Structure formats: C-alpha cells, structure tokens
Amino acid sequence: MWFKNFTIDDLNSRPKNHIGGLLDIKFTEIGEDFIIGTMPVDERTHQPAGILHGGASVVLAETLGSIASYMCIDPDKYVAVGLEVNANHLRPVKSGLVTGICKVIHRGAKTHIWDIKIYDERGKMNCISRLTVAVINKPQ
C-alpha cells in the first residue's frame, strides 16, 4: 500500500519545529495498512481542567492520517492535504501516553479516508476520529 518502504526513523526524523514535534508525537509502528504513533499527555496537551485537550487528540489523529497519506503518494508529483477531520472524545485522560492507530478506510487517486482510534495506557479508547485527505498535484 505504501509508495516505498518507510522506516520508523524516516517518520520520526521529520523537522521538530511543527506541531507534531512540539507535542512530541512519535511514530512507533508501520504495518501493511496502518501506522501507530504516540503522544504524551502532559502540560503541553492538557486543557485547563488538567485532562487531555480534545484539540490535541485531533492533532495526533491528523498527524497520523496525513503522514499515512504522504506514505501512499509519489511526493515528487503530489501533496496530501487535510480536507476534513472529525473526532468523538469518549473519556478523559490525565497523564501518560496516548496511542493512535491509523487504518485506511478508502485510498483513491484523489482522496484518502483514515480511521484513527486513540487509546490510553490501559487500552481504553478515549477518542475516535476520521480524516479525509485530498491528494493534489504538487505546486510547481
């Protein structure tokens, strides 16, 4: 499914001065049709109530789905850009790591749709998200 053979190091060596780097999102596994990544739940990702901010969960979901789309395309010809994201926040998380599992729902020539489920360290799902990505010609 992937355009080339990517390694975890390839995914984790991206520049750190973007939101994924600032929130310390790390990729941990690449499967045949999925990728997995983690994000710490700490002062960077908390809302004022001391629990994981829903927007931070969406950042994890969109990071996983966007990178998954990037892994499916020829980056010399195309770019993958977020078109729509939604999320349902199911339970609070106070600390630790959350783990997102991103699986393909649809991989067309012009759109990709990803299912991202996020779990706390106990294995309880705290967020479910869907990301639609547009595949467009790379600007010259």
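Here a biologist asks a modeller some questions about a predicted model.

Biologist: Let's start with charges. How many salt bridges does the structure hold?

Modeller: Side chains of opposite charge can pair when their charged atoms come close. In this predicted model, one such pair is D24 with K26, and another is D120 with R122. Counted over the structure, the number of salt bridges is four.

Biologist: How far apart are the closest N and O atoms in the salt bridge of D24 with K26?

Modeller: Both partners have some access to the outside: D24 is partly exposed at 29% relative accessibility, and K26 is partly exposed too, at 39%. To count as a salt bridge, the nitrogen and the carboxyl oxygen must be within 4 Å. For D24 and K26, the closest N and O atoms are separated by 2.4 Å.

Biologist: Where along the chain is D24 placed?

Modeller: D24 has a phi near 60 degrees, which is a positive value in a residue other than glycine. Its place is outside the helices and strands named around it, α2 (19–22) and β1 (26–30). So with 29% relative accessible area, D24 is a partly exposed residue, and its location is the loop between α2 and β1.

Biologist: Is D115 buried or exposed?

Modeller: D115 is in strand β5, residues 111–119, and its side chain meets that of K117 in a salt bridge at 3.9 Å, N to O. K117 is partly exposed, at 28% relative accessibility. The cut-off for buried is under 20%. D115 has 19%, so it counts as buried.

Biologist: Which residues does D115 contact, leaving aside its neighbours within four places in sequence?

Modeller: D115 has a relative accessible area of 19%, so it is buried. With the neighbours within four places in sequence set aside, the contacts of D115 are I101, C102, K103, I105, I128 and S129.

Biologist: And the salt bridge of D120 and R122: which of D120 and R122 is buried?

Modeller: The two side chains meet at 2.9 Å, N to O. R122 has 61% relative accessibility, so it counts as exposed. At 9% relative accessibility, the buried one is D120.

Biologist: Over to helix α3. Which side chain makes a polar contact with the side chain of S69?

Modeller: S69 lies in helix α3, and with a relative accessible area of 0% it is buried. Not counting residues up to four places away in sequence, S69 touches A80, H112, W114 and V133. The polar contact, at 2.8 Å, is with the side chain of W114.

Biologist: What separation do the C-alpha atoms of G55 and K4 have?

Modeller: G55 lies in helix α3, residues 54–72, and is partly exposed at 33% relative accessible area. Along the chain, G55 and K4 are 51 residues apart. In space, their C-alpha atoms are separated by 31 Å.

Biologist: K4 came up there. Over which ring does the charged end of K4 sit?

Modeller: The distance from the charged end of K4 to the ring centre is 5.1 Å. That fits the cut-off of within 6 Å. The ring is that of F6.

Biologist: How many of the eight residues of strand β2 are buried?

Modeller: In a regular strand the side chains alternate between the two faces of the sheet. On one side of β2, F34, I36, T38 and P40 are buried, and on the other I35, G37, M39 and V41 are buried. That leaves β2 (residues 34–41) largely enclosed by the rest of the structure, because the number of buried residues is eight of the eight.

Biologist: What is the bridge partner of T38 in β4?

Modeller: β2 pairs with β1 in the antiparallel sense over four bridges, and a hairpin through three residues joins β1 to β2. In that pairing, K26 stands opposite T38. β2 is also joined to strand β4 (residues 96–107) by eight bridges, again antiparallel. The partner of T38 in β4 is T99.

Biologist: How many aromatic pairs does a search of the whole structure find?

Modeller: A pair of aromatic rings is described by the distance of the centres and the angle of the planes. To pair, the ring centres must lie within 6.5 Å. Across the whole structure, the number of aromatic pairs found is one.

Methods:
Residues are numbered from 1 along each chain as its sequence is written. This is a predicted model: local features need pLDDT of at least 70, side-chain atom pairs count only at pLDDT 80 or more; totals for chains, interfaces and linings use all residues. Side-chain values use heavy atoms; hydrogens and water are left out. Buried means under 20% relative accessible area, exposed over 50%, partly exposed in between (1.4 Å probe, protein chains only). Helices (H or I, at least four residues) and strands (E, at least two) are DSSP runs, numbered from the N terminus. A polar contact is a pair of N or O atoms within 3.5 Å; within protein, one must be able to donate a hydrogen and the other to accept it, and residues adjacent in sequence count only if both atoms are side-chain atoms. Contact means heavy atoms within 4.5 Å. Two strands pair if DSSP finds at least two bridges between them. Rings of Phe, Tyr and Trp (its six-membered ring) pair if their centres lie within 6.5 Å; planes under 30 degrees apart count as stacked, over 60 as edge-to-face and the rest as tilted. A charge sits over a ring if NZ of Lys or CZ of Arg is within 6 Å of the ring centre and within 35 degrees of the ring normal.
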